[in-house]
Amino acid sequence: MWAHGPWVGRFLSPGNKGNELSEYARWCNAVEGNTTFYAVPAASTIEKWAAQAPDEFRFAFKVPRTVTHDLRLRAGAEAALAEFLDGIAPLGGRIGPVQLQMPPSFGPNDLRALAEFVGRLPATHRWVVELRHPAFFDGGAAHRAVDSILSDAPTGPIGRVVLDTRPLYAESPRSEASVDERRTKPKLPVVTDLMGDEPVVRVIGADPSDRSLAGLTAWVPQLVEWLAEGRRPYVFVHQPENLDSPDLARRLHAAVRELVPGLEPLPDPLPVAPRGETTGQSSLF
């Protein structure tokens, strides 16, 4: 997300509704586009995003659930995917890895559908797949089969999205939001043996920001290694109430940059007026 009510007065300026992306892009250089999971954005929406996001910003969109959850990569899924890709096309080079987030019920019996769909993915985009069925994480036959399908994809090796929920489950929940988060986020092993050129890691934090930060910084050695190999990792942090996510992301970036001085710095955020003051877009630039 790039717009969140509790961020106003801290990360986003009051009175700037509808233009939050332009401010968010000064805090972070990528966003996980979760809204596309629910619907293909209107052309006017894409135009607005393109106007607010700088050229170096990246959207890591999720493919609409019509493709992954309703059609389950079967008949009609390719047409729905093509419609989605046509819709986001005006963003051009701002499109980062495109995510296929599969439901937990998508398991070993669906491997043929996965292989056929992956075999026809267009090479115009970079692809990653998030799997949630436990059989794809236990080192068994299904695990090996899915890795073979993804590593042998015609577009080049397709990486797995890592859903790291260890910080979320590290302590008892302290809020209703944390309880809800546990209902929807599975507790799966962290598998990093098939990540591709653009690894995508989603860290699901806890209510206390220090616990979330600890979970993030645990990734620093792996990120440094990937960067040394010439890969371009994406790391997204999510908390039950998402109160501190932009700041946590910047702190992770700073920790990596201490070990990789050549890493491009994040932009400097613009001054943010306190909540209660109305500034509007005209006063920001």
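**Reading cavities, strands and helices**

Mentor: Let's start inside: Leu131, Phe137, Arg160, Val161, Val162, Leu163, Leu188, Pro189, Val190 and Val191 line the largest cavity. Keep in mind as we go that this is a predicted model.

Trainee: Okay. What volume does the largest cavity have?

Mentor: About 60 Å³. With a cut-off of 30 Å³ or more, the count for this structure is two cavities.

Trainee: How many residues of its lining are nonpolar, and how many are charged?

Mentor: Nine are nonpolar and one is charged, with no polar residues in the lining.

Trainee: And which residues line the second largest cavity?

Mentor: You'll find Leu168, Glu171, Ser172, Pro173, Arg174, Ser178, Ala206, Asp207 and Pro208 around it. Its volume is about 30 Å³. By class, that lining splits into four nonpolar, two polar and three charged residues.

Trainee: Let's try a pocket. Which residues are closest to the centre of the second largest pocket?

Mentor: Look for Arg126, Trp127, Pro157, Ile158 and Asp197; they come closest to the centre, out of 15 residues in the lining. The space in this second largest pocket is about 220 Å³. Its lining has six nonpolar, five polar and four charged residues.

Trainee: On to the strands. In what order do β3, β4 and β5 form their open sheet?

Mentor: The order is β3-β4-β5, and the pairing is parallel. At the edges sit β3 (98–101) and β5 (159–160), each pairing on one side only. Between β3 and β4 (residues 127–130) there are four bridges, in the parallel sense. If you want a spot to click on, leucine 100 is opposite valine 129 in β4.

Trainee: I also see β6, β7 and β8. How do they pair?

Mentor: They make an open sheet of three strands in the order β6-β7-β8, with parallel pairing. The edge strands here are β6 (162–164) and β8, which each pair on one side only. Ignoring direction, neighbouring strands of this sheet are turned by 15° against each other on average. Strand β7 (residues 200–204) is joined to β8 by five bridges, and valine 203 has valine 237 in β8 as its bridge partner.

Trainee: Now the helices. How do I describe two that pack together?

Mentor: The general idea is that you give the angle between the two axes and the distance between them. Take α9 (residues 209–217) and α11 (residues 245–259): their axes come within 10 Å and cross at roughly 35°. The crossing of α9 past α11 is right-handed.

Trainee: Which residues make the contact?

Mentor: On α9 they are Ser209, Ser212, Leu213, Leu216 and Thr217, and on α11 they are Leu248, Arg251 and Leu252. Sorted by class, this contact of α9 with α11 has four nonpolar, three polar and one charged residues.

Trainee: Last one: backbone angles. What should I look for?

Mentor: As a general guide, most residues other than glycine have a negative phi. So the ones to look for are non-glycine residues with a positive phi, since most others have a negative one. Arginine 72 is not a glycine, yet has a positive phi of about 50°. Asparagine 242 isn't a glycine either, and its phi is positive too, at about 50°.

Trainee: Where do arginine 72 and asparagine 242 lie?

Mentor: In loops. Arginine 72 is in the loop between α3 (65–70) and α4 (77–88), while asparagine 242 is in the loop between β8 (234–238) and α11.

Note on methods. Residues numbered from 1 in each chain as written. Predicted model: local features only at pLDDT ≥ 70, side-chain atom pairs only at ≥ 80, totals over all residues. Heavy atoms only, no water. 1 Å grid on protein atoms, 1.4 Å probe; cavity = no way out; pocket = protein on both sides within 12 Å on 5 of 7 lines; lining within 4 Å. Points joined across faces, edges and corners; volume = space filled by probe spheres on them. Nonpolar A, V, L, I, M, F, W, Y, C, P; charged D, E, K, R; others polar. Axes fitted to C-alpha atoms, helices over the stretch in contact; angles between N-to-C directions. Helix = DSSP H or I, 4+ residues; strand = E, 2+ residues; numbered from the N terminus. Left-handed = near helix turned anticlockwise from the far one by under 90°. Contact = heavy atoms within 4.5 Å. Pairing = 2+ DSSP bridges.
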